Amino acid sequence: AFSTLVRVATRARHQVNDHCYDRLYKALSSDAKALIDALVTPAMDATESGWNQLKREPRQAKNQEIKSYLHHLEWLTSLANNLPSLDSISVSRRKQYCLEAHSLHANSVRELKLNKRYALAVVMIQTQRQKALDAIADIFIKKIQNLRNTAELRLQQYHLEQVKRTEKLIGRFRAVLDVLRQNEDSDHQLLSAIHAALKSDPSLLMEECEEYMAFASNNFWPFLLSS
């Protein structure tokens with residue numbers, strides 16, 4: 001009795017899958033079918049089939065690899081633009097189809113029943129494109145985070161290197177305040193005393209102050225340009 005239920009459930013599952021395969025297959029244009037045929041038919045001068053290229057995963061996020069993976073994403077997008085949407089297929093069934101497609105080689109795909117072959121290819125392409133988009137987004141986030149970490153580290157190094165300059169500026173400012181507090185002479189004498197206390201060209205000191213203020217309040221953004 002239980003085996004009867006298993007056979008009924010298996011037959012129903014096959015019927016549902018065939019219905020899904022037919023829906024995707026009938027939605028394909030002749031150009032889309034030709035693209036899929038080319039993926040599972042390796043060219044004479046190709047080292048691997050387009051089907052195996054679909055399975056590519058992002059490697060170490062170096063600049064050259066990122067550029068290469070962006071080209072891969074563009075290729076996936078050009079394929080997916082000619083294919084029907086997967087909205088009519090449940091998420092769990094898409095995962096099942098994608099896992100099955102991912103386990104097959106190009107030769108095995110060519111041996112599948114016609115509607116299943118094209119349906120699995122559609123699911124594979126659309127899923128891999130979405131995974132590639134997610135991967136590129138993750139790489140971008142990590143790159144930006146690394147740039148920020150580097151900029152914050154350079155800001156800390158800058159502050160450490162500018163300690164003597166900061167002390168000098170504060171010392172000059174203290175000297176000016178001391179002159180203003182103690183000197184009650186004429187304005188001309190007061191200005192002369194202030195210039196003497198500064199011991200430098202005021203415009204140069206102003207530039208140093210402005211540079212210091214540019215990086216005040218943990219402002220690491222200027223260092224992003226050099227990261």
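This passage looks at the enclosed and open spaces in the structure, which is a predicted model.

Start with the enclosed space. A search of the whole structure turns up one cavity of 30 Å³ or more, and the volume of the largest cavity comes out at about 30 Å³. Its lining is made up of Leu54, Arg56, Glu57, Tyr69, His72, Leu76, Gln128, Lys131 and Ala132. Two helices, H4 (63-80) and H7 (114-161), each put at least two residues into this lining. As for chemistry, the lining of the largest cavity splits into four nonpolar, two polar and three charged residues. Leu54, Tyr69, Leu76 and Ala132 make up the nonpolar group, while His72 and Gln128 are the polar pair. That leaves Arg56, Glu57 and Lys131 as the charged members.

Now for the open space. The largest pocket has a volume of about 200 Å³. Around it sit Ser85, Leu86, Asp87, Val91, Arg94, Lys95, Cys98, Gln126, Thr127 and Gln130. Helix H5 (91-103) and H7 each contribute at least two of these lining residues, and H5 gives the largest share, with four residues. Sorted by class, the pocket lining holds three nonpolar, four polar and three charged residues. Leu86, Val91 and Cys98 are the nonpolar ones, and Ser85, Gln126, Thr127 and Gln130 are polar. The charged set consists of Asp87, Arg94 and Lys95.

Helix H7 turns up in both places: H7 supplies at least two residues to the lining of the largest cavity and at least two to that of the largest pocket.

Notes. Residues are numbered from 1 along each chain as its sequence is written. This is a predicted model: local features need pLDDT of at least 70, side-chain atom pairs count only at pLDDT 80 or more; totals for chains, interfaces and linings use all residues. Side-chain values use heavy atoms; hydrogens and water are left out. On a 1 Å grid over the protein atoms alone, a cavity is a set of points where a 1.4 Å probe fits but cannot get out, and a pocket is an open set with protein on both sides within 12 Å along at least five of seven lines; lining residues have an atom within 4 Å of a point. Grid points are joined across faces, edges and corners, and a volume is the space filled by probe spheres set on the points.
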